[in-house]
Amino acid sequence: MSKLINCVPPENIEEYKNVMVYVEHRNGSIVRGSLEMIGRARVIADKVNEKVICVSLGDNLSPIAEEAGTYGCDIFLGAESPEHRYFRSIPYAHKITDFIEKYKPNILLISGTREGRDLVSRIAVRVRTGVAADCVELDVEPKQRLLISWRPAFGDKTINQILCRKHRPQTVSSRPGSYPVPEKIPGRKCEVRIEKVKLDEKYLKHRIVSRKPKEKLDLTKSDIIVSGGLGLGKPDGFKLIRELADVLGGDVGASRPVVDLGWIPYDHQVGQTGQTVRAKLYVAAGISGKIQHVVGMKASETIISINNDPDAGIAKYSDYFINADLYKAIPIMIDEIKKRKKGSGGAKKSS
């Protein structure tokens, strides 16, 4: 296993090449956030004529390597062990650090999922670099191969540009949902280097004997989302939100205030401290439009908002703004959608 690296910046930064991506997977498939990172890595690597290197841990990585190749990975590095079947931050961080020390990537990209946020700081400490956390945009200056990261600050009222000039790898975690998933190229192959590993017992102080994962709503995969806010006035208002989401074939979202009040579970929260989504259709009902919520949904293709306040801030982010009482407007919408679906033979759920 790896040892800590001296904090002095590397003498020859030119030795560090390529863009490395930590690939998180679940139930035999790469999670959306990691696919987004592979896509950004591909764009950045092409600008500097370098490779995309994907790193992953697990107990059956061949399907993950194959999937990574179709999304733009050039080299897939894997460490297989029964002990890597489930995520554990300490052994995962040590093995990823080993890969970094051996392959010396210029850039390291990690999706800011719960798992990614846990890992990125541990890895950065071990390789003595900094982290540009929670970024929403990434680019590269080709001549110096310098990663340019943009991160919201002050409640997303400003955007800060972050550079890491001296240390390597230039490490970033990025909000899931900030980028589109890259186009899949069926049949595209990557070089696969998967090794069988045996973990040192000192990293296995705790053993997982059984696991019952909680089913988590992943709104980043949803094409249609109907979200409710404080304008609902009461928790029962989400029954109407759910009914509209169901007839549209979508999922239910929410703003932070109603989650804090306990009207709906946190898994439904969209925004700065919730999920960032890129829905094809986003309906915001009774949501005022504070920036903390807007940053989580403004990348959606079509935004419809319903609010009885004609000056609600959400209006300027909406493609269509319905200035009305949501308890009057939504039932009319539901009835009209049902009529159209009946006439067209129905519709399938989007996600």
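**Architecture and side-chain contacts of the predicted chain**

The secondary structure of the chain amounts to 8 helices and 17 strands. The model is a predicted one. The chain has 351 residues, and buried residues make up 50% of them. Its accessible surface comes to about 17,700 Å². Carbon and sulfur atoms contribute 50% of that surface. Among contacts with a separation of 6 or more, 66% join residues 24 or more positions apart.

Cysteines were examined next. A disulfide is a covalent bond between the sulfur atoms of two cysteines. The search of the whole structure returned 0 disulfides. C54 is a case in point, as it takes part in no disulfide. Its nearest cysteine sulfur belongs to C73 and is 3.4 Å away. A disulfide requires the two sulfur atoms to lie within 2.5 Å, so a pair is not counted beyond that limit. C54 is buried, with a relative accessible area of 0%.

Aromatic rings came next. A pair of aromatic rings is described by the distance of the centres and the angle of the planes. The structure holds 1 aromatic pair. It is formed by F87 and Y92, whose ring centres are 5.0 Å apart. The planes of the F87 and Y92 rings stand at 80 degrees, so the pair is edge-to-face. The burial of each partner was also computed. F87 is partly exposed, at 26% relative accessibility. Y92 is buried, with a relative accessible area of 4%.

Rings also meet charged groups. The charged end of K95 sits over the ring of F99, at 5.0 Å from the ring centre. The charged end of K234 sits over the ring of Y327, and here the distance to the centre is 5.6 Å.

Salt bridges number 19 in the whole structure. One of them joins R32 to E36, with the closest N and O atoms 2.7 Å apart. R32 and E36 are 4 residues apart in helix α1, which spans residues 32–48. The separation of R32 and E36 is therefore about one helical turn. R32 counts as buried at 16% relative accessibility. E36 is buried as well, with a relative accessible area of 1%.

Another salt bridge brings together the side chains of D74 and R42, at 2.8 Å from N to O. This pair links distant parts of the chain, 32 residues apart. D74 lies in the loop between α2 (62–70) and β5 (75–80), while R42 belongs to helix α1. Both D74 and R42 are buried. R42 and D74 also belong to a network of salt bridges that includes D46 and R188.

E50 and R145 form a further salt bridge, and their closest N and O atoms are 3.0 Å apart. E50 is placed in the loop between α1 and β4 (52–58). R145 is placed in the loop between β8 (137–141) and β9 (146–153). The pair therefore ties together parts that are 95 residues apart in sequence. Both E50 and R145 are buried.

E50 also appears among the contacts of N18. N18 is located in the segment before β1 (19–22). N18 is buried, with a relative accessible area of 17%. Neighbours within four places in sequence were left aside. On that basis, N18 is in contact with E50, K51 and I53. Its other contacts are P105, N106 and I107.

The last site is a glycine. G116 lies in helix α4, made up of residues 114–127. At 0% relative accessibility, G116 is buried. G116 and E24 are 92 residues apart along the chain, and their C-alpha atoms are separated by 8.0 Å. G116 touches E24. Residues up to four places away in sequence not being counted, I110 and S111 are also touched by G116.

Technical notes
Residues are numbered from 1 along each chain as its sequence is written. This is a predicted model: local features need pLDDT of at least 70, side-chain atom pairs count only at pLDDT 80 or more; totals for chains, interfaces and linings use all residues. Side-chain values use heavy atoms; hydrogens and water are left out. Helices (H or I, at least four residues) and strands (E, at least two) are DSSP runs, numbered from the N terminus. Buried means under 20% relative accessible area, exposed over 50%, partly exposed in between (1.4 Å probe, protein chains only). Contact means heavy atoms within 4.5 Å. Accessible areas come from the Shrake-Rupley method with a 1.4 Å probe; for residues, only the protein chains shown count as cover. Rings of Phe, Tyr and Trp (its six-membered ring) pair if their centres lie within 6.5 Å; planes under 30 degrees apart count as stacked, over 60 as edge-to-face and the rest as tilted. A charge sits over a ring if NZ of Lys or CZ of Arg is within 6 Å of the ring centre and within 35 degrees of the ring normal. A salt bridge is a side-chain nitrogen of Lys or Arg within 4 Å of a carboxyl oxygen of Asp or Glu.
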